[in-house]
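Please open the model in the viewer and keep the sequence at hand. The stops below are meant to be followed in order.

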Amino acid sequence: MVPILTTPRLILRPIEVADADQVQKIFPQWEIVRFLSPKVPWPVPPDAVLIHYRDTVIPAMERGEEWHWSIRLKSHPEQIIGCIALLTYEPDNNRG
């Protein structure tokens with residue numbers, strides 16, 4: 001199980017499929033995508049986040065191979081401002 005993490009200002013909540021719509025609205029920006037893996041398509045398709053969460057992220061979290069969190073301000077916990085992941089199977093390949 002992926003824990004909920006907190007800092008004085010932030011809540012890091014495990015990614016859920018229900019987060020996909022909100023992330024899809026903020027994710028497809030070149031200034032974000034250009035720093036990610038070349039596997040991320042550009043332009044980002046309209047259902048890319050849902051497919052990625054449903055088919056890749058959630059199963060990997062359930063297997064205990066990856067940990068993914070949404071980043072939220074404590075002052076606005078319903079609003080996702082970013083995401084971060086910990087991937088242990090490929091050394092030095094952790095980006096958020």
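A residue counts as buried under 20% relative accessible area, as exposed over 50%, and as partly exposed in between. The model is a predicted one.

Select arginine 34 to begin. Its relative accessibility is 41%, so arginine 34 falls in the partly exposed class. Add glutamate 31, with which arginine 34 forms a salt bridge; the closest N and O atoms lie 3.2 Å apart. Glutamate 31, at 52%, counts as exposed because the boundary is 50%.

Four salt bridges are present in the structure. For another of them, select arginine 72 and aspartate 19, whose side chains meet at 3.1 Å, N to O. This pair links distant parts of the chain, 53 residues apart: arginine 72 belongs to strand E3, and aspartate 19 to the loop between E2 and H1. Are these two residues buried or exposed? Both arginine 72 and aspartate 19 are buried.

Keep arginine 72 displayed and add isoleucine 11, which stands opposite it. Strands E2 and E3 pair in the antiparallel sense, over five bridges. Next, colour strand E1 (residues 5-6), which runs antiparallel to E2 and is joined to it by two bridges. Leucine 5 has leucine 12 in E2 as its bridge partner. E1 and E2 form a hairpin, with three residues between them.

Now turn to helix H3, residues 48-62. The 15 residues of H3 reach 20 Å from the first C-alpha to the last, close to the expected 21 Å. At arginine 54, H3 bends by about 35 degrees. Show the side chains of the buried residues in H3, among them Tyr53, Val57 and Met61. The elements that cover the buried residues of H3 include strand E2 (10-14), helix H1 (20-26), strand E3 (66-73) and strand E4 (76-87).

Just after H3, select glycine 64, which has a positive phi of about 75 degrees. Then select arginine 63 and glutamate 65, which form a salt bridge with closest N and O atoms 3.0 Å apart. Arginine 63 is exposed, at 53%, whereas glutamate 65 is partly exposed, at 36%.

The last stop concerns aromatic rings, of which one pair is counted. Select tryptophan 30 and tryptophan 42: the ring centres are 5.3 Å apart and the planes stand at 55 degrees, so the pair is tilted. Tryptophan 30 lies in helix H2 (residues 30-33) and tryptophan 42 in the loop between H2 and H3, twelve residues apart. Tryptophan 30 is partly exposed at 44%, and tryptophan 42 is partly exposed at 44%.

Definitions and conventions
Residues are numbered from 1 along each chain as its sequence is written. This is a predicted model: local features need pLDDT of at least 70, side-chain atom pairs count only at pLDDT 80 or more; totals for chains, interfaces and linings use all residues. Side-chain values use heavy atoms; hydrogens and water are left out. Helices (H or I, at least four residues) and strands (E, at least two) are DSSP runs, numbered from the N terminus. The expected span of a helix is 1.5 Å times one less than its number of residues. The bend at a residue is the angle between axes fitted to the seven residues ending there and the seven starting there. Buried means under 20% relative accessible area, exposed over 50%, partly exposed in between (1.4 Å probe, protein chains only). Contact means heavy atoms within 4.5 Å. Rings of Phe, Tyr and Trp (its six-membered ring) pair if their centres lie within 6.5 Å; planes under 30 degrees apart count as stacked, over 60 as edge-to-face and the rest as tilted. Two strands pair if DSSP finds at least two bridges between them.
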